Structures are given as structure tokens and as C-alpha cells.
Amino acid sequence: MGKAKTMCAIATSTLMGLSLASGALAAGGMDEKMLMELKQLIEKQQSQLDIQAGEIALLKEQLGGATQEIEKKVDKKELAKLETGKMITSRFKHMDVNLYGHLNRGVLWSDNGDASKVYFVDNNNSMSRLGLNASVSPSDTFTVGGKIEYGIRTNSSGDVNQENSNGATSNNWLLRHADVFFASTTWGKVSLGHGSAASDGTAEVDLSGTSVVTYSDVAAISGGQLWYDDVTNSLNGLQVKNAFSNMDGLGRDDRLRYDTPSFAGFTLSTSAVSGDSYDAAAKYSRSFGDTKVVAAIAWAKPDESNTRYDNQYDGSASILFGNGLNATFAAGSQDSKVNGKDDGTFWFAKMGYKVDVCSLGTTSFSIDYGENQDLIQDNDDAKTWALAAVQDVESWGTEFYIAYRNYQLDSDGASYEDVNSILGGARVKF
């Protein structure tokens with residue numbers, strides 16, 4: 001700007017000099033000496049103008065190059081928005097549609113006391129999945145939408161075992177959600193179709209940051225593994241998951257579900273599930289400064305086709321402090337339908353710590369312990385404990401994890417070797 005002003009001043013003085021010269025010549029009052037001095041002045045000013053013009057041309061060239069780079073960056077950002085925001089659209093212009101999911105693959109090593117084996121698996125703690133959400137809001141207080149979601153199970157860590165390295169699941173696609181919902185901030189939310197019953201997930205609240213590899217469903221790491229019996233010196237067909245259960249409600253099924261609006265952190269839910277099953281749940285989630293608390297409790301009544309138990313009760317709670325320390329607890333029981341058999345029970349406890357040790361993201365550690373009593377038969381005592389670590393790389397949408405878990409089973413008439421498992425892998429979200 002300063003150079004531009006200088007050029008204006010030079011041009012103005014030149015014009016003034018020419019005007020004066022013209023006036024003097026017109027009046028006949030300018031001698032030859034004055035004309036010579038004026039000519040020299042004009043030539044000097046013209047030289048300065050040429051220099052300034054060259055400098056301004058150079059600046060324009062430099063600014064032009066920088067502007068092109070900025071424009072390129074802006075174009076790339078705008079293109080990225082178009083590519084991510086407009087790849088999936090609805091024929092209805094007000095409908096918001098988005099694709100989501102994750103891939104969760106790992107390597108599992110397991111030893112049942114007789115033999116060990118390595119498996120390449122899909123992590124059943126949080127199976128790979130693909131889903132589509134759609135919603136539209138006719139008003140600020142009312143939303144209509146739906147969800148379609150499939151789990152993708154190839155070599156599930158919860159199915160593979162010593163006799164079947166490819167897992168026990170023949171169908172790799174598992175329908176998880178296919179439902180519609182109508183939600184109001186005033187009267188709550190109604191969901192209809194295949195999805196979570198009200199009690200689903202009530203035994204699984206967990207703020208530790210390690211639930212991608214270990215949580216209250218302790219059999220998810222290697223539930224398909226077969227126990228080795230020292231009495232018969234053989235595999236008797238009993239799997240790890242037969243001895244452990246977190247009794248987590250009615251799961252996902254075709255149902256009609258209702259959730260109240262949240263009040264003071266509380267939400268109440270109930271559902272009627274196909275086959276005359278029913279459940280009800282209460283959930284709580286609230287922050288107190290840097291401390292977060294979540295909890296849930298549920299009752300579930302399965303249909304008559306369930307010959308093992310009648311009513312089921314479960315609950316869980318988790319607290320995360322501002323310094324990264326956290327604690328989780330879950331428990332449940334089942335009213336046995338088998339005459340003379342004791343009710344099955346379980347409990348699970350976890351301690352964890354979340355810390356930012358590097359710029360990649362949060363690192364989470366946990367240790368847990370759990371027990372199931374009388375699940376298969378009276379006097380069965382199944383115990384488990386685990387260590388886990390998870391590294392979140394937020395900018396990649398990726399979590400790297402590793403966990404070690406030990407399983408023990410004491411049962412009348414048998415002597416089972418411990419099952420030890422290590423699962424490591426990565427979950428990539430999109």
C-alpha cells in the first residue's frame with residue numbers, strides 16, 4: 001500500500017509539473033534553462049515510476065501464486081465435503097441419511113491346558129458391522145427415523161475352538177437392527193422392528209475405555225474354546241461360554257419398545273418382544289463436574305421356550321473421575337425353572353485408568369475379575385480375570401488393543417484345566 005501511495009504522489013507531481021510547464025509556455029514566461037530543469041525532473045520521476053511498476057508487478061506475481069495455492073486448498077476442502085456428505089442421499093430432500101460402521105479384526109491365541117492354537121478372528125466383544133441411519137425432523141421437537149444394521153461375523157472369537165478353526169457360525173451376516181422410531185422431546189420415543197429390547201445392554205455399561213476387548217461379557221474373547229477334563233483326559237464338548245453369562249436382558253429381537261424422555265439423567269424403558277417376552281429397564285447418565293456416572297438396572301421375562309429360567313434381573317454401574325481413574329460393577333441372577341436347581345448368578349468388577357501419554361490419543365488400562373455360580377448345574381463355580389490395554393488413535397478413527405484372560409471352572413465330577421487366552425487387534429471406525 002505504501003508503494004502505491006508513493007507512485008500516486010510521483011504521478012501527481014509529474015502532472016503538476018507538466019501543467020506548470022504548459023502554463024508557462026502559454027504565457028511565454030519560461031526560458032530555456034527552466035525547460036531543461038523541468039525535463040530532467042520529469043525523466044527522473046519517470047525512472048522512479050518504472051522501478052515502482054516493476055516491484056508492484058513482482059508482488060502481484062507472488063501474491064497470485066499464493067492465492068492459487070489457497071484456492072487449491074479451499075477447493076480440496078469443498079470437494080471433501082461433497083465426497084463425504086453427498087455420497088449417500090435420500091430421494092426426500094429433508095431426510096438425513098448416513099452410513100456408519102467399523103471393522104474389528106484380531107489374532108487370538110488360546111490354550112486349554114492340553115493344547116494351544118492361533119486363530120485369525122473377528123473380535124466378538126464388538127463385532128464388525130455396517131449400518132445405515134435415516135431421520136427427518138418435521139419440527140424442533142419431533143423426529144422420525146429408522147436404522148438398518150448388519151453384523152459381519154467371519155471366524156468370531158466367541159465361536160472358534162480346537163475342533164473348528166473357522167468358527168461355528170455358517171451365516172456371516174447377522175441382522176442387528178431393522179426398525180423405525182418416532183421420537184418426541186415431550187412424550188418420548190417409540191421403536192418398532194428388530195432392535196434392542198429395553199433390557200439390552202443394561203449389564204454392560206462401562207466407562208473404562210477397554211470394552212472393545214474386555215467387559216462384563218467375559219466369554220466374548222474366546223467363548224468357543226473347549227474345556228479339557230483331566231478326569232477323562234479329553235475334550236467333553238463343554239465350551240467356555242456355557243459356564244459364563246452376564247445375563248444381559250433380552251438382547252435384540254423383533255419388538256415394540258417405549259423410552260421416556262430423560263429427566264434428571266433418568267430414562268425408563270419397556271418392551272414387548274416376539275414370543276411373549278417382556279422387559280423393563282431404568283437407566284441413568286449424568287456428569288458432575290469432571291466426574292461421569294452411568295448406571296442401568298433391568299427385569300426380563302423370556303417366553304415359554306426358555307426352559308432354563310423364568311425371571312432375570314441384572315444391572316451395572318460405572319464411574320469415571322476427572323483424573324482418569326474409573327470403576328465398573330455388574331451383577332445379575334436368574335430364577336431357575338429346573339426343579340431343585342439353585343438360581344444362577346454372576347458378578348463382575350473392573351478397575352481402570354485412562355491417560356494421555358502421547359499425542360496419538362487416550363491410552364486405557366484395566367484389570368477385572370468375575371464369577372458365575374450354578375449356571376450349568378448346582379455347585380458350578382466359574383471364575384475369570386483379565387488385563388487389558390487400548391490405544392486410541394483419534395485422527396485415524398482406530399483403536400489398537402490387547403488383552404489376556406484366564407478362565408477357571410470348578411464342577412462336580414470333573415477336573416477342568418484353566419483356559420488362557422490372548423487377543424490383540426484393531427478396530428477401525430467409519
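What follows is a conversation about a predicted model of a protein chain.

Modeller: In this predicted model, local features need pLDDT of at least 70, side-chain atom pairs count only at pLDDT 80 or more, and totals for chains, interfaces and linings use all residues. Residues are numbered from 1 along each chain as its sequence is written, and side-chain values use heavy atoms, with hydrogens and water left out.

Colleague: What makes residues 266-273 a strand?

Modeller: A strand is a DSSP run of E with at least two residues, and a helix is a run of H or I with at least four, both numbered from the N terminus. Residues 266-273 form strand β10, which holds Thr267. The chain has three helices and 20 strands.

Colleague: How do you know that Thr267 touches Ala282?

Modeller: Contact means heavy atoms within 4.5 Å. Ala282 is among the residues that Thr267 touches, when residues up to four places away in sequence are not counted. The 5.8 Å between Thr267 and Ala282 runs from C-alpha to C-alpha, so it is not the distance that defines contact, which is taken between heavy atoms.

Colleague: Why is the set with Leu108 and Phe244 called a nonpolar core?

Modeller: Because a nonpolar core is a set of buried Ala, Val, Leu, Ile, Met, Phe, Trp, Tyr and Cys residues joined through side-chain atoms within 4.5 Å. Buried means under 20% relative accessible area, exposed over 50%, and partly exposed in between (1.4 Å probe, protein chains only). The largest such core has 30 residues, and Leu108 and Phe244 are among those touching the most other members. Strand β18 gives the most to this core, four residues.
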